[in-house]
Every structure is written in C-alpha cells, then in structure tokens.
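Let's take a walk through a protein model together, from its overall outline down to single residues. Keep the picture in view as you read.

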Amino acid sequence: MNIGSKLVKSVVIVGGGTSGWMTAAALSHHFKTQFPQHTPKITVVESSQLGTIGVGEATIPTLRRFYKKLGFSDIEVIKATNATCKLGIEFKDWQGDGNSFVHPFGLFGQGTKEVPFHHYWLKAQKKHPSDLSDYSLGVNLAQQNKFFFPAETPTSQLDVFDWALHFDAVLFANLMRDYSVKQGVEIVDNFIEQAQINKGTGDIDSITFQDGRNITADLFIDCSGFKALLIEGALKTGYDDWSHWLLCDRAIAVQSRSTQAPIACTIAQAQKAGWQWQIPLQYRMGNGYVYSSKYSSDEDAKASLLSNIDGELLHEPRSFSFTPGRRKKAWNKNCIAVGLASGFLEPLESTSIALVETAIDKILLTFNKSLPEYNVQDVERFNEVNAQEYERVRDFIILHYKINQRTDSPMWQYYRDMDIPKTLQDKMHKFKQDGTIVRYPWEIFGSDSWLAIFNGFNFMPDRYDQRADKMDADYLTEHLEKMRTMVQSQVDKSPSHHEFLTLHCQYKSNF
Ligand SMILES: Cc1cc2nc3c(=O)[nH]c(=O)nc-3n(C[C@H](O)[C@H](O)[C@H](O)COP(=O)(O)OP(=O)(O)OC[C@H]3O[C@@H](n4cnc5c(N)ncnc54)[C@H](O)[C@@H]3O)c2cc1C
C-alpha cells in the first residue's frame, strides 16, 4: 500500500435507485477484473418502505456505452426495459411561434478538415437558402419517425448519427440489480436512521438502521437521492444553488396509455412557466411538466399538464420539488455522492443519468491501480472534474432558456435578461462573432449539439470562417444539393421506428 493511501476492503452503496444499482453493477464488474485477489466486498442498502424516485426515463447515448461495457447488447436492454429508440429531442414552441426543431444525437453535414460544415452552409445561405437540418440524418429520421442501427464504419459524416433509449427506469434498475447480485453484491433492505462519524478522521465509520443494527465500510457511496443522507445529512458538505439561472424547481409527472405507435424522440414542449416532456415507451407515455414555482402554482401546473395528455392516465400524478445545483464536493471524506445525492439541474436534455455514468467512470479510474486504494490527490481530482462536468451541462441547459423567444410570461423575459455564467457568455459571444464553437474540457455535449441549439433558436453568427470562401460557390451549391439528396434517400429506405421495434424487440403494436 502507498503512504497516505486508504485501502478499500468494503464498500456500502446507500440507495437502490437507478444510480445505486448502476454503481453496484459497474463497480462489481471492475473490482472483479482489476483486483481478483483483493476484491472489495460491495453491499447495497435500500429501503422497500421508501422506494425510488420513479422518473428518469429519457437518456443520452452514453448510457448505451455504459451497459455495453457490462456485456449487455442494445436489443437485450430494449427488451428488458420496454424501451424505445431515441434519436434526439424535439423542442416545440421555444420560439413562441409554434415552430419546432430537433436536437439530434448526430452530425450536421460534411465539412472539410480545416473548416466545419456549418461555415460552408452559412456561406451558401445568401444565394441558396436551405435548412441546416436538411443535412442531418438524425434529424430527418426523427422527423419521419424512422430508425435503423447506424453503420459501424460510416462512409461519410453524413451517415453519422447516434441514439439512446427511452426506458422504464424501474426495469433498468432491476436489470442492474440482477447483474450485480450475480457478481456477488449483497443487498440489505432496511431503513437508515443515521451515520456515525469518526471524531478523529471525520470519516463515516458506520450507518445504523431503524432496527438498531449497523453496517461498517471503508468507502460509502451515497446514492440516496434528494435526501443525500450521507454527503449532506451526515457530512454537511454544502450545495451550490443555481436556481437564479435555472428557475424550474418543481415537476409533476404522470404516465398514460399510448394512443399511437411510439416515436423515436423525446418531446420538450415549452409552456408558460416551464416545459412539458413526453417520453414514449413501448406501451405507455411518460408525461411531465417541469416548472418554476415563482411563475406557476402547483394547481395551474397540474391543470396545464393534464390538459395536454391524450391517453388514459395510469396513476395519480406525482409531484417533485428540487433545488437546481450541485454538491460542493461530490467526494467528501470516505463518501462519494452519485446521482441525485450529488446534484440535479433539471430534466431538460436528459443529463442526470449521464452524470451518474461520468461519476462512475471517475470512480473506476480512481481504482485503476494494483490495489483498491485512494489518496487525497484522487479525491481532489475527482471533485475538480465533477464540478466541471456539472458546470458544462449547466451552461448547455441555460443556453436553451437564455435565447428563447417566448413572450407569453415574465419568466421567459427574465431568462432573456438574466446574467449568465462567464463560461457560457464567452461561448455565445464567440459563436455570434464568427461561428466558432468553443469546446471546454469535460463537456458531455459535442459541437454539433451546441450548433443544433444555436440554430434551432436562430442565434446565428455575424460572419462565417473566411476559409470557406476558398471553395467555389457553384461547386459548393452542387455539393450541398448532393448531401441533401443522400440524407433523404437514406431516410426513404429506412424502416419506421415501429417496424424496427416489431422486428427486433418483440414489440406488438395495437396501432
Ligand atoms: C422530475 C424529474 C424528471 C427526471 N427525468 C430524467 C430524465 O428524463 N433523464 C435522466 O437522465 N434523469 C432524469 N431525472 C433524474 C433521475 O430520475 C435520477 O438521476 C435517477 O433516477 C437516479 O436517482 P437516484 O438513484 O439518485 O435516486 P432515487 O431513485 O431517489 O433512489 C434513492 C434510493 O435511496 C434509498 N433511500 C433513501 N433514504 C433511505 C433511507 N433512510 N434508508 C434506506 N434507503 C434509503 C431509496 O429507497 C432509494 O432506493 C429526473 C428527475 C426528476 C426529479
């Protein structure tokens, strides 16, 4: 063991929601392979009295990489979780004029080595205007509700799109649970009353249950959801509150019976005091209204949600309240917070489970040595990267609100007028100036995601990269035409999403 390092022989994961079981699955897999001689024991503590949050059904493509590392195929996960395929998000009415646009998990057009595609497209706009989305296979598949597995070795950038899942979060947690149990993870179903802190080190020594029993561990992972039992309840770590930038602090959610075959994208429809989601699973629709309590009462939000749902409701609507932000330190003493315990921004862009994955990745990276141990530098590095990941996602979400064009409530005006983080300010400024999309370390969303949002809101650069002028205008027009045709012919020959699910995923349609 290295001097100053702490050896981990036992890990207790507090919480058996999506984040707890994903962490257990990934850690048990990693520990067995990395430390066959010194595999730390993992125990998950959950409370059947409490249950889990029960929302969180839209994901981004990183989820697929997560379960593939554990050996699951896409088809296996789709079948096990009643999932549908997600090509992106359709943003409806964020400009206030009834229009919509799609943020795809894919690229726009084919640029050159030196100059990204959107500069060529901008150059051509004056003489031959076209929609940027005409050059995105992902957008066109989503708009026409078609789906196929993307080529593993695309022949050009035009073929590149990615996809994610809309899944039943409870079924996904069960899948991770079954996997973890097979890897030797133990389960304790009990209600945690409190944690005992070591007076000398400040570490958590043990947690005590309602029935008086207790459990000790070298490392605790707090996946207890908004309760943040250990990281906040026991260790008083502190929270960065971002509610002055992200006003939505409430949600109301309800599932309804599907009234049509599932579409291949999430819908995010702007409303007076927030936005409404529709997440299509194979046989039901997840619906929710995320809103600001400053600009809507709970009753109005409920009425607004219910007036916008087609199918029969499957249960009573459920309410949630949260404070957008992140824990000041995700790793404090011998406790790492993962999932809602470490922070939550809001559901727009479906980033919460993705942040669970990045947290897990960082834990695995920490335990990538010859022994399962960590030191102060590991903890500092973890917190530094975690903070940046949260801040990048925060900026991306704020962008949607900052450049909205709605005029139907003071909330949207507040957003347009508000000061934004410097990192986002710089990014917007640079794009406006000359179309450059600035990239910071630890961004989850790529340049084309930022482009999709800028373009979707008509936030356009004042000029394009002058190197695009090296391309002859007629040659460019001809090429753009070719690209549009290639995208459309690919879409024309693709099966519908509904056919894809029926063929590969045991989906039986009633429609
Ligand atoms: C309105 C809303 C919509 C969302 N939509 C999305 C989305 O579309 N996409 C996305 O990626 N994310 C979304 N999220 C976030 C997503 O739901 C969570 O990231 C995900 O479910 C992980 O939650 P969790 O496991 O951290 O917490 P939870 O599911 O709350 O699990 C907490 C666990 O801790 C246990 N526990 C708590 N207290 C105790 C105790 N005293 N004793 C014993 N056990 C205890 C509970 O029993 C439970 O097992 C959304 C969140 C909200 C609020």
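The radius of gyration used here is taken over C-alpha atoms, and the rule for a globule is 2.2 Å times the number of residues to the power 0.38. Please keep in mind that this is a predicted model.

**The whole chain**

For 511 residues, a compact globule would have a radius of gyration near 24 Å, and the protein chain has 24 Å, so the two agree. Its C-alpha trace spans about 75 × 55 × 50 Å along the principal axes. If you count the secondary structure, you arrive at 15 helices and 23 strands. Of the 511 residues, 46% count as buried. Among contacts with a separation of 6 or more, 77% come from residues 24 or more positions apart.

**Domains**

The domain assignment splits the chain into domain 1 (8-81 + 168-241 + 327-390), domain 2 (104-160 + 393-497) and domain 3 (250-321). The centres of domain 1 and domain 3, taken over C-alpha atoms, are separated by 28 Å. How many residues of domain 1 are in contact with domain 3? There are 8, and they meet 10 residues of domain 3. On the domain 1 side of this meeting, the residues divide into 4 nonpolar, 1 polar and 3 charged.

**Around the ligand**

Now look at the ligand, which is surrounded by 38 residues; the closest are Gly15, Gly17, Gly56, Gly225 and Gly339. Two or more residues each are given to this shell by helix 1 (18-34), strand 3 (41-46), strand 14 (250-257) and helix 9 (352-366). Helix 1 gives the most, with 3 residues. Sorted by class, the shell holds 18 nonpolar, 17 polar and 3 charged residues. Why can we say that the ligand lies between two domains? Domain 1 and domain 3 both give residues to the shell, so the ligand lies between them.

**Four residues to find**

The table lists four residues with the number of other C-beta atoms inside 10 Å of each one.

| Residue | C-beta neighbours within 10 Å | Status |
|---|---|---|
| Lysine 41 | 16 C-beta atoms | partly exposed |
| Asparagine 82 | 20 C-beta atoms | buried |
| Alanine 234 | 21 C-beta atoms | buried |
| Lysine 236 | 9 C-beta atoms | exposed |

Start with lysine 41, which has its place in strand 3. Leaving aside neighbours within four places in sequence, lysine 41 is in contact with Lys9 and Ser10. Arginine 392 is 351 residues away from lysine 41 in sequence, and their C-alpha atoms are 34 Å apart in space.

Next comes alanine 234, in helix 7 (residues 229-234). Not counting residues up to four places away in sequence, alanine 234 touches Ala195, Ile197, Ile204 and Leu229. Between alanine 234 and serine 489 there are 59 Å from C-alpha to C-alpha, with 255 residues separating them along the chain.

Two loop residues complete the tour. Asparagine 82 sits in the loop between helix 3 (74-80) and strand 4 (84-86), and its phi is near 50°, a positive value in a residue other than glycine. Lysine 236 is in the loop between helix 7 and strand 13 (239-241). The phi of lysine 236 is also positive, near 50°, and this residue is not glycine. Is lysine 236 buried or exposed? With 9 other C-beta atoms within 10 Å, lysine 236 is exposed, whereas asparagine 82, with 20, is buried.

Technical notes. Residues numbered from 1 in each chain as written. Predicted model: local features only at pLDDT ≥ 70, side-chain atom pairs only at ≥ 80, totals over all residues. Near = placed C-beta within 6 Å. Helix = DSSP H or I, 4+ residues; strand = E, 2+ residues; numbered from the N terminus. Nonpolar A, V, L, I, M, F, W, Y, C, P; charged D, E, K, R; others polar. Domains from an automatic or database assignment. Buried ≥ 20, exposed ≤ 12 C-beta atoms within 10 Å, placed from the backbone. Contact = placed C-beta atoms within 7 Å.
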